[in-house]
Amino acid sequence: MIDLIPIVKDHFNTLRSHSTNRVMWSEVAFFYGTPVILGGVSCTLGWKIGGVGNILASFAILAGLLFNLLVLLFDVAAKALQAGGPGSQNVRLKLAKQMQANVTYALLTALAAAGILGVASGMGMEKVNRWLSGILLILFAHFTLTLLMIMRRIRSAFLNSLV
């Protein structure tokens, strides 16, 4: 059986303060609460997502790009380990591990959305009902926020490598 829980745990562990190593509950509330609120609003207002095939194609492309990013991160982590050693002071290695956790989690989210969209597309649905739209909007918003987190970490890693 495939155990996906470590992927979720690793991602959740990146939502910690660097200085105190405590969970930043405001970040957790933002990254999980905002998508759930958006999904709830969409269900309440009866929004229906259309263009299932096009959205599926977009998520398939993004999933492929995320797989490529994971391969690149493996190389970055290996170079960071070689340059700074395995210690906790190696900021580049720490950022590479956090990015790996975030990218893997984003990939999991993208695959979940693509799976739902693939089934809907296979059933000939061009527009999904409000409940499925709510679930998809939660996944879309969460995926987008996770990508923004990855961008922030890439920026930090880039700025750290210039110092």
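Buried here means under 20% relative accessible area. Keep that cut-off handy, and remember that this is a predicted model.

**Stop one: Phe-140.** Select Phe-140 to begin. At 14% relative accessibility, Phe-140 falls under the cut-off, so it counts as buried. Now show its surroundings: leaving out residues up to four places away in sequence, Phe-140 touches Ile-49, Ile-55, Phe-59, Ala-113 and Leu-117.

**Stop two: Phe-59.** Pick Phe-59 from that list of contacts. Its relative accessible area is 7%, so Phe-59 is buried as well.

**Stop three: the rings.** Four aromatic pairs turn up in the structure, 4 in the count. Keep Phe-59 and Phe-140 on screen: their ring centres sit 5.1 Å apart with the planes at 25°, so this pair is stacked. The two come from distant parts of the chain, 81 residues apart, with Phe-59 in helix α3 and Phe-140 in helix α5. Add Phe-143 to the selection, and you have one aromatic cluster made of Phe-59, Phe-140 and Phe-143.

**Stop four: the core around them.** Which members of the largest nonpolar core touch the most other members? Phe-59 and Phe-140, out of 25 residues. Colour α3 (52–84), α4 (91–122) and α5 (130–162) next, since each of these helices supplies at least two residues of this core. The biggest share comes from α4, with 10 residues.

**Last stop: another core.** Apart from the largest core lies another, of 6 residues. Select Leu-15, Val-23, Leu-145 and Met-149, which are among them.

Key. Residues are numbered from 1 along each chain as its sequence is written. This is a predicted model: local features need pLDDT of at least 70, side-chain atom pairs count only at pLDDT 80 or more; totals for chains, interfaces and linings use all residues. Side-chain values use heavy atoms; hydrogens and water are left out. A nonpolar core is a set of buried Ala, Val, Leu, Ile, Met, Phe, Trp, Tyr and Cys residues joined through side-chain atoms within 4.5 Å. Buried means under 20% relative accessible area, exposed over 50%, partly exposed in between (1.4 Å probe, protein chains only). Helices (H or I, at least four residues) and strands (E, at least two) are DSSP runs, numbered from the N terminus. Contact means heavy atoms within 4.5 Å. Rings of Phe, Tyr and Trp (its six-membered ring) pair if their centres lie within 6.5 Å; planes under 30 degrees apart count as stacked, over 60 as edge-to-face and the rest as tilted.
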